[in-house]
Every structure is written in C-alpha cells, then in structure tokens.
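Visitor: I am new here and would like a tour. Could you show me the structure and take my questions?

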Amino acid sequence: MRLAKIALLAVSFVVVCYPGNAQQNSAEPAPKLEHFDPNMVDKTLDPCQDFYQYVCSKWNAANPIPADQVAWGTGSGLQYWNENILRQALEKASAPARGRSDFEQKIGDYWAACTNEPGLEAAGSRDLKPDLQRIDGMKSNSELADQVAHIHTLVPGAWEGDDNQTAAALLGFGSLQDFDDASKVVAGIDQGGLGLPNRDFYLKDDAKSKEILTKYEMHVSKMLVLAGENSSQAAADAKTILAIETAMAKAQMDNVTRRDPKNLNNKMSLEQVQALMPSFNWKTYVADVAAPPSAPHYLVTSPEFFKGLEQIIQQHSVEDWRAYLRWHLVHGSAPYLSKAFVDENWDFYSHTLFGSKAQLPRWRRCVRAADRDLGMALGQAYVEVAFPPSSKDRTTAMVHDVEHALDQDISGLSWMQAATKEQAKIKLHAIEDKIGYPNHWRDYSSVKITRDSYLNNVHEATKFEFQRQLNKIGKPVDRGEWTMTPPTINAYYDPQLNTINFPAGILQPPYFDPGEEDAPNYGAVGMVIGHEITHGFDDQGRKFDGQGNLRDWWTPEDAKEYEQRDQCIIDEYTEEIPEAGVKQNGQLTAGEDTADNGGMRLALMALDNKLESKGKSLDAKDPDGWTPRQKFFLSYANEWCQQYRPELMRTVVLTNPHSIPKYRVNNVVSNMPEFQQAFSCKAGAPMVRAKQCRVW
Ligand SMILES: [Zn+2]
C-alpha cells in the first residue's frame with residue numbers, strides 16, 4: 001500500500017499503460033532528447049500576459065499529441081528514449097543463448113512471452129480459465145475472503161491503495177509504516193473495490209459523468225462476454241456490479257479527507273477488524289495471502305468503509321459476488337491476454353477515460369510491464385547507459401544547494417517563531433537524499449518466468465511483490481527501499497522515511513542537462529528538487545517529524561500562521577478550468593501547489609547563491625541576450641510545455657492532486673515578485689497577482 005508517497009507528476013507518462021494493437025511500427029522515430037532553447041519563445045506574445053503561452057505555444061503547435069498518447073510534452077521524448085534503452089537490454093536477453101545469467105533468463109523470457117502475439121492469440125483466455133473456475137466454485141458468501149485473497153495474489157496492484165482505490169477487488173491489504181512510530185512496519189487495510197478511478201465517478205450526476213457510467217457498464221458487460229458469459233447474463237451482471245461498486249463508492253472516504261493522515265491513523269487488532277465486518281473471514285484471508293499470522297496492529301485507513309462493506313456483503317447473493325469477482329479478475333488480467341481483451345480494455349480505460357486515439361506499440365507496453373514487474377534489477381541496465389557518476393555528482397550537489405536554500409528561507413521567515421524554526425531545521429537536516437538508483441538491486445531469483453505465458457509471468461511477479469510487501473509486517477523498516485524504478489521520469493518525497501528520491505530517469509534533458517549552464521538546470525530539475533523538499537513542509541508533510549513520525553512540532557500560533565498562508569494557495573487554485581470543463585478543488589491540490597510554489601523559490605535562491613559564488617549575477621545579460629533570471633523561468637515553463645487530451649484533463653482535475661501544466665506555470669510565476677522583475681511586468685498584468693500567496 002502506498003498511502004503517503006508524494007510524486008511530482010500527475011501524468012508520469014505511464015498513467016495509461018494499457019495495451020493493444022501490436023504492430024511494430026517501422027516508421028518510429030529515432031529516440032531523441034529535447035534540449036532547452038530560450039529562443040523557443042513566441043516573441044510576438046507578452047510574457048506578462050500568459051507566460052505558459054509565451055514559452056510553450058510554438059513548441060506545442062509544432063508537437064501535436066501523437067495518436068497513441070494522451071499527453072505530450074517536452075519530457076515525452078525522454079520517455080521514449082528511456083524505454084528504448086530498456087528495450088535493448090530486454091531484446092538482447094531474449095535469445096535463449098547459452099550462458100545467460102539467471103536474471104537475463106527472466107527478463108529475456110518475460111520479453112519473449114509479452115511480444116509473442118501469435119502465442120497470445122492462440123492462448124486466448126486459456127490461462128485465466130482455472131481462476132475463473134475457482135470463482136464459479138464459490139458456494140456461499142462465507143467463501144468471499146478466500147476468493148478475494150486468491151485474486152489479490154494474482155492481479156497487480158492489490159497492495160497499492162494509492163489515491164485511486166481501483167486496483168484491488170473489495171479492499172486493499174498490505175504493509176504500512178506505522179504513523180506514530182515510523183521505525184515499525186504494521187499491517188494496513190485500505191478501502192478499495194472500484195473499477196473507475198475514484199468514488200466521484202459513481203456519485204456525480206452531471207451529464208458527462210452519467211455518460212461515462214453508462215459506457216463503463218457496457219464495458220463491464222463486454223468483458224464478461226469475453227470471459228465466457230452469454231450476453232443477457234453479462235448485461236444483468238454488469239448492472240449488479242455497478243450497484244455493488246456504487247455502494248462501495250458511497251462508503252469510501254473522499255480523497256480530501258484522506259489527505260490528513262490523522263484520519264487514516266486507526267489502529268485495531270484483527271479481532272476489532274473482524275468485528276467491523278463479521279461477514280468476511282479475516283483469519284482465512286490473512287492465512288490465504290500468507291501474511292504473518294499476527295501484526296503489531298492493523299491500520300484501518302477508513303473504518304466507515306468496512307462497516308459499509310459489511311452491509312454490502314449481506315445485501316448481495318453469492319451469484320452477485322461471483323459476478324463481481326469475475327469482473328475484477330478479468331479486468332486485472334485483460335492487458336496480458338489476447339487482442340479482444342486488450343482492445344476492449346484499451347477502449348474504455350485509455351480511449352473513453354483519457355482520450356487516447358490509438359494503442360501504444362506492443363514493445364512499449366512490454367517495456368513498461370517489465371519495468372513494473374522486474375524493474376528494481378532491470379534498472380541497472382538503464383543506469384549503466386544513462387547515468388554516469390558525473391551526473392550523480394552534479395545533481396547531488398544541486399540537491400545540497402536547494403536544501404541549503406530552505407535553511408536560509410526558514411531563518412528569514414517573519415511569521416515563524418524560533419521554536420518552530422528550530423524544529424523545522426531539525427527535520428530539514430534529517431532528510432535523506434536518494435539520487436539515481438537504490439544501493440542494492442532487488443533479488444528476483446524466486447520469481448518464475450517462462451516463455452510460455454505472459455499472464456502467468458505477470459501473476460508470478462505479482463505474487464512475489466505482494467509477498468514481499470507482506471513479509472515486511474512486524475519487521476524494522478527498510479530505509480533503503482525505493483518505490484520508483486530507476487528509469488522512471490518522476491520524483492517523490494516520502495514523509496514517513498523523510499527521504500527525497502530522484503530516479504535517474506528524470507535526471508536527463510530537458511530536466512537535468514549535463515551540457516547546460518546553471519540557470520536552465522536550476523529552473524528545471526532545481527525546481528523538481530525544491531518541489532520534493534517542500535513536500536516535507538506542505539499541509540501533509542508538516543505533520544510528520546524528521547524521523548517520519550506523525551507528531552505535531554508546531555506551536556499553535558505558527559500552525560495558525562501556516563494555515564492562513566495555505567488557505568491563500570487553496571483559494572487561488574480553487575477555480576474553473578475551462579479547457580477541462582470542470583472546477584478544480586484547491587483542497588485536493590494544496591500540497592502539490594505549495595510544493596510548486598515553494599520549489600520555485602528555493603531553486604531560485606539556490607541559483608542566486610551559485611552564481612554569487614562564481615562572481616556572477618542573476619540579472620547580468622549573457623551573450624545570448626537573456627539574463628540567468630529569465631532563463632531560469634523560461635526553463636521552468638519549458639519543462640511543463642505539455643498538452644493533455646480533454647478527456648485526460650477532465651480526469652486529472654477530478655481525481656489528481658496535481659494541477660494541470662498551464663496552471664503549474666502561470667499560477668506559480670504570478671505569485672513571484674522575482675518573476676515580475678525578470679520580465680519587467682507592470683503591476684496589474686495577469687502574471688502579477690494582486691494577492692500573491694507564499695508559504696515557503
Ligand atoms: Zn509533488
């Protein structure tokens with residue numbers, strides 16, 4: 001379960017990794033990285049009117065979203081470049097040559113099974129049959145725990161109760177760091193059970209939401225037909241499934257309430273959990289998934305959900321539950337089956353929900369699946385090619401510079417008293433920096449991978465990962481662990497480990513460019529670093545101390561001051577997003593927006609210090625005619641030149657804690673007098689907000 005990891009990107013370009021039509025496109029472009037160029041701006045536009053358009057309009061016009069993508073931006077070429085490196089390693093290992101290492105056998109055979117389209121067509125849903133029959137054998141609701149446990153060990157994502165409670169059938173189960181004692185790992189039980197991205201999709205009643213629900217019901221029905229039901233049975237089952245999931249959605253805690261860790265911190269014994277839902281045999285579940293028979297305690301993130309679930313279990317017959325389980329098994333397996341499953345799955349999840357026009361080529365889907373299932377060892381191949389020690393040294397130095405900037409910032413805050421400042425600095429200095437890749441590569445030797453069945457390979461990898469998560473329960477926390485693989489283009493702050501993590505995948509152009517000068521690098525990756533550090537001090541992060549414990553280290557006065565400043569950000573970002581056709585909830589995005597704003601200030605302070613140490617100034621023109629201050633802001637906007645399809649935009653605004661790219665640029669710079677100075681904007685210009693918000 002991942003409750004508290006806070007990533008940088010809403011669309012990490014891997015949000016939609018649903019499969020499809022697999023022809024190798026011979027016209028694919030050569031992988032190429034995007035480099036920052038200040039002359040990309042549209043000089044006919046005024047930077048003080050709409051900075052995003054000033055920087056991005058030319059790039060966006062010249063780079064329309066490809067049919068198989070739902071978003072496209074200056075970082076997308078990097079995604080393709082990273083995937084090509086993994087592809088080469090996978091292809092090389094796929095020939096069953098003598099002398100392959102054990103790990104080469106695994107990645108090579110995984111690749112061979114995934115890319116073998118004739119084999120996948122011939123298999124159809126053959127490999128799913130035993131698991132479907134197992135569900136058909138369910139005689140009463142008392143067997144629900146056993147059935148759910150079985151599905152959780154097969155379908156990827158059962159342990160990941162993240163912001164989208166979609167992956168797990170019925171509920172989520174896994175290990176969690178204890179909120180009160182971060183050195184301990186306990187068992188976690190989370191809400192789950194949905195097939196749509198979150199509860200709002202079931203509960204909103206505007207026309208667009210209703211249309212999506214209707215399409216969802218049709219999709220469920222079609223998938224059940226593919227799994228062997230006749231069409232009238234499938235249509236009736238889809239109605240039942242929608243009724244069950246809607247009832248679960250009503251019982252779920254909403255994602256704004258979930259932002260406050262206090263609301264999730266409900267410790268129980270297994271007996272207490274059992275008392276919440278007497279109709280679900282927890283002892284059976286725990287034994288079937290091979291979790292330790294006892295845990296220090298069970299963190300039940302939303303007790304109300306489980307009370308609701310008890311009612312829902314009682315209200316539905318065993319036939320209803322068989323249909324529900326069939327749907328979740330097929331749903332979680334569809335990407336690994338034949339074309340009919342893959343196409344139907346793509347049509348709803350990528351096309352309807354996100355607006356994709358074509359499926360990704362199969363090789364890219366296989367690279368992403370291999371990265372998910374074996375990535376903590378496969379990533380070594382990426383690091384060897386793409387992340388030399390010189391890049392690690394320079395980005396590590398930048399992280400230190402930005403941390404130092406926050407230290408300076410805290411010292412200078414007029415609204416914070418000395419006692420809180422001292423605590424804030426203790427927390428800041430305790431942050432552990434993780435740059436590029438983990439110190440130890442994961443041992444996948446117990447995962448069975450063959451060339452015969454892609455589905456079975458995914459099931460084996462899922463079993464391994466689920467077990468690995470459960471084995472942590474009752475043991476001391478492993479502080480060295482990463483939750484993103486090295487080629488990932490993203491970054492995160494982990495409040496319970498108090499670590500910032502920058503995978504090698506994002507320490508590349510246009511984020512970090514080894515060939516670039518300081519200003520563009522601080523504006524791009526420097527801001528990413530500042531963003532992650534600020535997460536330690538946003539509305540969520542500030543509730544944890546330097547050891548990762550949920551502990552209030554703020555004086556009441558300073559907490560009040562913080563909340564006023566936070567409210568300014570919430571109000572600013574609570575606004576209609578016309579291009580998405582929906583309103584943003586600033587309470588949902590408060591943490592990310594605070595991190596964007598704080599991150600930019602810290603990165604600029606760090607750049608200022610850096611230039612000063614070299615005897616240079618932010619405002620002295622370089623030979624190219626731009627000042628470092630200007631290039632800092634240009635490079636920031638450049639990294640967010642990113643277009644979304646309207647469907648994706650709507651889904652992101654409704655479900656995701658990140659603002660969409662244009663707002664990540666304009667709402668931030670318009671809060672900064674430093675920006676006004678860079679482009680000599682007049683008071684009253686749209687990029688000079690009358691009420692400027694600032695937390696950090
Ligand atoms: Zn973030």
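Below are short questions and answers on this predicted model.

Visitor: How many helices and strands does the protein chain have?
Guide: This is a predicted model. Its elements are numbered from the N terminus. The count for the protein chain is 25 helices and 12 strands.

Visitor: Why does the protein chain count as compact as a globular protein of its length?
Guide: The globule rule gives 26 Å for 696 residues. The radius of gyration of the protein chain is close to that, so the chain is as compact as a globular protein of that length. The C-alpha atoms fill a box of roughly 75 × 60 × 55 Å along the principal axes. The radius of gyration itself is 25 Å.

Visitor: What share of the residues of the protein chain counts as buried?
Guide: Buried means under 20% relative accessible area. The accessible surface of the protein chain comes to about 25,400 Å², and carbon and sulfur atoms hold 50% of it. Of the 696 residues, the buried share is 63%.

Visitor: Which contacts does the 77% figure describe?
Guide: Take the contacts in the protein chain with a separation of 6 or more. Of these, 77% come from residues that are this far apart: 24 or more positions.

Visitor: Which strands are the edge strands of the open sheet of 4 strands?
Guide: The sheet has the order 3-4-6-5, with mixed pairing. An edge strand here pairs on one side only. The edge strands are strand 3 (171–177) and strand 5 (267–268).

Visitor: Do strands 3 and 4 run parallel or antiparallel?
Guide: Strands of a sheet pair through backbone hydrogen bonds, either parallel or antiparallel. Strand 4 covers residues 185–191, and 7 bridges join strand 3 to it. Gln177 stands opposite Val185 in strand 4. The two strands run antiparallel.

Visitor: How far apart are the end C-alpha atoms of helix 2?
Guide: Helix 2 (residues 76–94) has 19 residues, and 15 of them are buried. At 1.5 Å a residue, the helix should span 27 Å. The distance in the model agrees, because the end C-alpha atoms are apart by 27 Å.

Visitor: How many residues of helix 24 are buried?
Guide: Helix 24 spans residues 661–669 and is mostly covered. Among its buried residues are Pro661, Tyr663 and Arg664. The count is 8 of its 9 residues.

Visitor: Is Asn498 buried or exposed?
Guide: Asn498 is found in the loop between strand 8 (492–494) and strand 9. Its phi is near 55°, a positive value in a residue other than glycine. Its relative accessibility is 0%, so Asn498 counts as buried.

Visitor: And Ser680, buried or exposed?
Guide: Ser680 lies in the segment after helix 25 (673–678). Its phi is near 50°, again a positive value in a residue other than glycine. The cut-off for exposed is over 50%. At 61% relative accessibility, Ser680 therefore counts as exposed.

Visitor: Which residues is Ala358 in contact with, leaving aside its neighbours within four places in sequence?
Guide: Ala358 sits in the loop between helix 14 (339–352) and helix 15 (362–386). Ala358 is partly exposed, with a relative accessible area of 24%. Trp441 lies 83 residues from Ala358 in sequence and 35 Å away in space, C-alpha to C-alpha. The contacts of Ala358 are Ala67, Asp68 and Trp346.

Visitor: Is the peptide bond from Pro509 to Pro510 cis or trans?
Guide: Pro510 is found in the loop between strand 9 (499–503) and helix 19 (518–535). Omega of the bond from Pro509 is near 5°. The bond is cis.

Note on methods: Residues are numbered from 1 along each chain as its sequence is written. This is a predicted model: local features need pLDDT of at least 70, side-chain atom pairs count only at pLDDT 80 or more; totals for chains, interfaces and linings use all residues. Side-chain values use heavy atoms; hydrogens and water are left out. Two strands pair if DSSP finds at least two bridges between them. Buried means under 20% relative accessible area, exposed over 50%, partly exposed in between (1.4 Å probe, protein chains only). Contact means heavy atoms within 4.5 Å. The expected span of a helix is 1.5 Å times one less than its number of residues. The radius of gyration is taken over C-alpha atoms; the globule rule is 2.2 Å times the number of residues to the power 0.38. Accessible areas come from the Shrake-Rupley method with a 1.4 Å probe; for residues, only the protein chains shown count as cover.
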